[in-house]
Amino acid sequence: MEKRKDFKTSIGGQALIEGVMMKGVKHSCMAVRTPSGEIDVETWDNPGPKWYKKIPIIRGVINFVVMLIDGYRTLMKSAEKAGFDDVESESKFDQWLTRVFGEKLMGVISVVALILGVALALLLFIIVPAFLTKLLQPYISSRIALSAIEGVVKIAIFVIYLALVSRMEDIHRVFEYHGAEHKTIFCYEHGNDLTVENVLKEKRFHPRCGTSFLLIVLILSILVSSVVTWDSLVLRVVLKIACLPLVVGIAYEIIKFAGRHDNILTRIISAPGLWLQRLTTAEPDASQVEVALASFLPVLPKDESEDDRW
């Protein structure tokens with residue numbers, strides 16, 4: 001097979017519990033390693049063209065919400081396929097939930113987990129930094145300085161949180177699949193044959209990554225915070241939450257641009273996120289790469305030109 005030149009794919013993915021989900025132009029696929037050692041593969045069609053996909057900022061906000069919902073749904077489903085809901089290991093409370101909700105249990109858990117996740121994010125990255133920085137207001141009069149300190153607190157919380165969870169065995173496994181996902185996409189973008197051996201040779205740090213996206217959101221939120229009032233802590237928190245859609249939309253356009261181009265500007269933009277991926281990705285083994293490939297191959301477009309949709 002003749003090697004083609006490098007190009008930037010629009011295919012993206014997400015690490016799951018013992019698996020990987022890939023989203024292509026027309027199809028999505030999740031592959032999960034089951035307790036028996038087999039790879040369970042599930043493929044589905046993506047929704048057709050949407051009106052918002054050509055509108056900058058707006059598409060970023062809607063895509064973020066869709067990705068958040070789909071991410072939780074596939075994450076919970078992967079836990080089920082990987083055997084994490086084994087009845088033998090259930091507590092009495094878990095068994096009671098199963099009796100009450102029946103087949104709807106996973107859906108209920110997904111909704112609750114999503115709500116709790118969003119609430120935790122707002123608490124850690126908006127409320128807590130604003131509250132801690134507000135304590136310094138009697139000693140620091142400069143709004144710009146206060147906003148800068150608040151930004152440092154946000155990023156510190158983010159990095160410390162990632163460093164702590166990466167030490168958890170189950171989370172570290174997910175981060176290994178995250179690395180397998182990135183390596184697989186890189187292998188495809190570099191025009192190499194999609195084999196386990198070739199994928200393992202690739203880098204695990206990719207500029208178009210959720211970790212980089214979240215870091216850009218934090219940095220942009222610092223800039224936005226510099227013009228938001230410090231007179232009232234409650235009002236400041238409310239205004240910052242109200243500005244979140246704009247921040248997310250701009251961050252999406254930046255990460256999309258950085259993933260599409262390779263120049264000095266995009267390398268500078270991507271550098272902090274690539275560094276942070278040292279915490280959110282880990283080197284996968286061959287069996288994990290097999291799973292990533294199993295999720296990637298079904299979403300490849302028949303015509304490579306169809307993969308140029310950004």
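This passage walks through two helices, H9 and H7, and then turns to the cysteines of a predicted model.

Helix H9 covers residues 264–280, which makes 17 residues in the run. From its first C-alpha to its last, H9 reaches 24 Å, close to the 24 Å expected at 1.5 Å a residue. H9 still has a bend in it, of about 40 degrees, and that bend sits at alanine 271. A proline, proline 272, follows within four residues of the bend. Back at the start of H9, asparagine 263 comes into play: one of its side-chain oxygens gets to within 3.1 Å of the backbone nitrogen of leucine 265.

As for what H9 tucks away, its buried residues are Thr266, Ser270, Gly273, Leu276, Gln277 and Thr280. These buried residues pack against four helices, namely H4 (143–165), H5 (169–189), H7 (210–225) and H8 (233–260).

H7, one of those packing partners, has 16 residues. Its reach from first C-alpha to last is 22 Å, close to the 22 Å expected at 1.5 Å a residue. The buried residues in H7 include Phe213, Leu215, Ile216, Val217, Leu218, Leu220 and Ile222. Thr211, Ser212, Ser221 and Ser225 of H7 are buried too.

On to the cysteines. Cysteine 29 has 0% relative accessibility, so this residue counts as buried. Cysteine 243 counts as partly exposed because its relative accessibility is 24%, and buried would mean under 20%. A disulfide is a covalent bond between the sulfur atoms of two cysteines. The structure holds zero of these.

How values were computed. Residues are numbered from 1 along each chain as its sequence is written. This is a predicted model: local features need pLDDT of at least 70, side-chain atom pairs count only at pLDDT 80 or more; totals for chains, interfaces and linings use all residues. Side-chain values use heavy atoms; hydrogens and water are left out. Helices (H or I, at least four residues) and strands (E, at least two) are DSSP runs, numbered from the N terminus. The expected span of a helix is 1.5 Å times one less than its number of residues. The bend at a residue is the angle between axes fitted to the seven residues ending there and the seven starting there. Buried means under 20% relative accessible area, exposed over 50%, partly exposed in between (1.4 Å probe, protein chains only). Contact means heavy atoms within 4.5 Å. A polar contact is a pair of N or O atoms within 3.5 Å; within protein, one must be able to donate a hydrogen and the other to accept it, and residues adjacent in sequence count only if both atoms are side-chain atoms. A disulfide is a pair of cysteine sulfur atoms within 2.5 Å.
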